[in-house]
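I opened the notebook today to look at side-chain packing, aromatic rings and pockets. Here is the chain I had on screen.

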Amino acid sequence: MLIDVHTADGILSQARDYRYQEKGNYMYYNDVFRKYGITRTDFDSMLYYYSGQKYFYKMYESVIDTLTARENRMKKR
């Protein structure tokens, strides 16, 4: 789920038209939350809870590694 949320972040950061970004962010994030059957509030609560766990940074390293690998594959195309 974190990979999908950060993918949405990346898509939105590339949006050139601020108005599109403002309206589009709800669409992108809501699609991610719907995919996993949660709400934004659920996501925020889970993120808050897990960020206090000692393995959170290890988990985030995996997210970053996956996103980096995807980016590198796209650059090779």
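The entries below go from the core to the rings and then to the pocket.

**Ground rules.** I am working from a predicted model, in which local features need pLDDT of at least 70, side-chain atom pairs count only at pLDDT 80 or more, and totals for chains, interfaces and linings use all residues. Residues are numbered from 1 along each chain as its sequence is written, and side-chain values use heavy atoms, with hydrogens and water left out.

**Core.** I looked up the largest nonpolar core (buried Ala, Val, Leu, Ile, Met, Phe, Trp, Tyr and Cys residues joined through side-chain atoms within 4.5 Å) and found 13 residues in it. Those with the most contacts inside it are L2, V5, Y29, F33, F43, Y60 and V63. Two or more residues come from each of α1 (2-14), α2 (18-36) and α4 (56-76); helices here are DSSP runs of H or I, at least four residues, numbered from the N terminus. α1 gives the most, with 5 residues.

**F33.** I then asked what F33 touches. Leaving out residues up to four places away in sequence, F33 has V5, I38, T39, R40 and F43 in contact (heavy atoms within 4.5 Å).

**Rings.** My search of the whole structure gave 5 aromatic pairs (Phe, Tyr or Trp rings, Trp by its six-membered ring, with centres within 6.5 Å; planes under 30 degrees apart are stacked, over 60 edge-to-face, the rest tilted). F33 and F43 make a tilted one, 5.4 Å centre to centre with 40° between the planes. This pair links distant parts of the chain, from F33 in helix α2 to F43 in helix α3 (residues 40-51), 10 residues apart. Both rings belong to buried residues (under 20% relative accessible area, against over 50% for exposed and partly exposed in between, with a 1.4 Å probe and protein chains only).

F56 and Y57 pair edge-to-face, at 5.6 Å and 80°. Buried or exposed, for F56? F56 counts as buried because its relative accessibility is 8%, while Y57 is exposed at 59%. I also noted one aromatic cluster of Y49, Y50 and Y55.

**Charge.** The charged end of R40 sits over the ring of Y29, 5.6 Å from its centre (the test is NZ of Lys or CZ of Arg within 6 Å of the ring centre and within 35 degrees of the ring normal).
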